[in-house]
Amino acid sequence: MMKSSEVLSLKQVSKSFPATLRGGQPIHILQQVDLSLSDSTSVAITGRSGSGKSTLLQISAGLLSCDSGQVIFENRELSTLDDVRLSMLRCRRMGFIFQSSLLLDDFNALENVQIPAMIAGCSEKEAQKRALNLLQTVGLADRLYHTSDQLSGGERQRVAIARALVNEPAVIFADEPTGSLDERNAQLVEDLLLNLVAERKVALMLITHNNVFAARCDFVYHLHNRNLEVDA
Ligand SMILES: Nc1ncnc2c1ncn2[C@@H]1O[C@H](COP(=O)(O)OP(=O)(O)OP(=O)(O)O)[C@@H](O)[C@H]1O
């Protein structure tokens, strides 16, 4: 078996949000959280609504800063990077999938996948080649020229998966990727994501309320009382 290497590591990460009401107390969301994520590995984070799952994902991706602790991504501590470097790192090394696919309305499926590759520095030809290949992988070879409004919810989410992979990221952050899908499409997206982790040696951080999907991941953590507990 091939040895996997660490892609992302959180060390003693804490985060509070300031009180929104005058005189109120800050809300402590995360307290000294440790987490490690390696390539070809999937980690699911579950927890009740408001427990801090999305906050944890945003901190892991450098979209939000933590109050204390370290977030180390491919040997770089995110807090040491300026906004431009952080954006380039996100664009080139991280893929994102959210509950809603967030496709660009004025562009077709092929362009939606191709554009992030061009932003990352690929030539138009190379970007199109990658996009075509990925859209075939997610079963959308016959939907290349459909715009967002001409695609079903499940198809849009599969375009979002192809888009997340186009720059060959080290990690995919998926926040409730099946949350708005019916059972059949959710199953399709689950299978696709987990197969891609194995095939493309990518790491997956999955936030989900779906315990069955979570249980298919290599590790399952439950966010409770501001920290991660191993799900028994
Ligand atoms: N910018 C902010 N300012 C103040 N409070 C915030 C902010 N962002 C999130 N929160 C609060 O932090 C808590 C955790 O939010 P978060 O979105 O991380 O939870 P979650 O576990 O992902 O929830 P859900 O499952 O409902 O999506 C919530 O109580 C939320 O109201």
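Confidence within the chain is lowest in helix α6, residues 183–200, where the mean is 91, and highest in strand β4, at 98. This is a predicted model. The chain as a whole has a mean pLDDT of 93, with 97% of its residues at 70 or more. For the complex, the predictor reports an ipTM of 0.97 and a pTM of 0.94.

Let me stay with β4 and go through its pairings. Strand β4 covers residues 68–73, and it pairs with β1 in the antiparallel sense over five bridges. On its way out, β4 is also joined to β5, residues 76–77, by two bridges, and those two strands run antiparallel as well. Within that pair, isoleucine 72 stands opposite glutamate 77. The hairpin of β4 and β5 has two residues between the strands, and glutamate 74 there takes a positive phi near 45°.

Now β1, which is residues 6–17. Besides β4, β1 has β2 as a partner: eight bridges join β1 to β2, residues 27–38, and the two run antiparallel. Leucine 8 is a useful residue to look at here. What are its bridge partners in β2 and β4? In β2 the partner is leucine 37, and in β4 the partner of leucine 8 is phenylalanine 73.

Next, the other sheet. Six strands form an open sheet with mixed pairing, in the order β6-β7-β8-β3-β9-β10. The edges are β6, residues 94–97, and β10, residues 227–230; each has a single partner strand, so one side of each is left without a neighbour in the sheet. Neighbouring strands in this sheet are turned by 20° against each other on average, ignoring direction.

Inside that order, β3, residues 42–46, pairs with β9, residues 219–224, in the parallel sense over four bridges. Isoleucine 45 stands opposite tyrosine 221 of β9. Helix α1, residues 53–60, lies across β3, β7, β8 and β9. The helix runs at about 150° to β8.

On to the ligand. Which elements each supply at least two residues of the shell around the ligand? They are β2 and α1. The largest share, three residues, comes from α1. In sequence order, the residues surrounding the ligand are Phe17, Ile27, Ile29, Gly47, Ser49, Gly50, Ser51, Gly52, Lys53, Ser54 and Thr55. By class, that shell has three nonpolar, seven polar and one charged residues.

The last item is alanine 203, which is found in strand β8. Is alanine 203 buried or exposed? With 25 other C-beta atoms within 10 Å, alanine 203 is buried, because the cut-off for that class is 20 or more. Leaving out residues up to four places away in sequence, alanine 203 touches Val7, Leu8, Leu37, Ser38, Asp39, Thr41, Ala170 and Val171. Leucine 8 and leucine 37, the bridge partners from earlier, are both among those contacts. Serine 38 is another of them; alanine 203 and serine 38 are 165 residues apart in sequence, yet 5.9 Å apart in space from C-alpha to C-alpha.

Key: Residues numbered from 1 in each chain as written. Predicted model: local features only at pLDDT ≥ 70, side-chain atom pairs only at ≥ 80, totals over all residues. Pairing = 2+ DSSP bridges. Near = placed C-beta within 6 Å. Nonpolar A, V, L, I, M, F, W, Y, C, P; charged D, E, K, R; others polar. Axes fitted to C-alpha atoms, helices over the stretch in contact; angles between N-to-C directions. Contact = placed C-beta atoms within 7 Å. pLDDT = per-residue confidence, 0-100. Buried ≥ 20, exposed ≤ 12 C-beta atoms within 10 Å, placed from the backbone.
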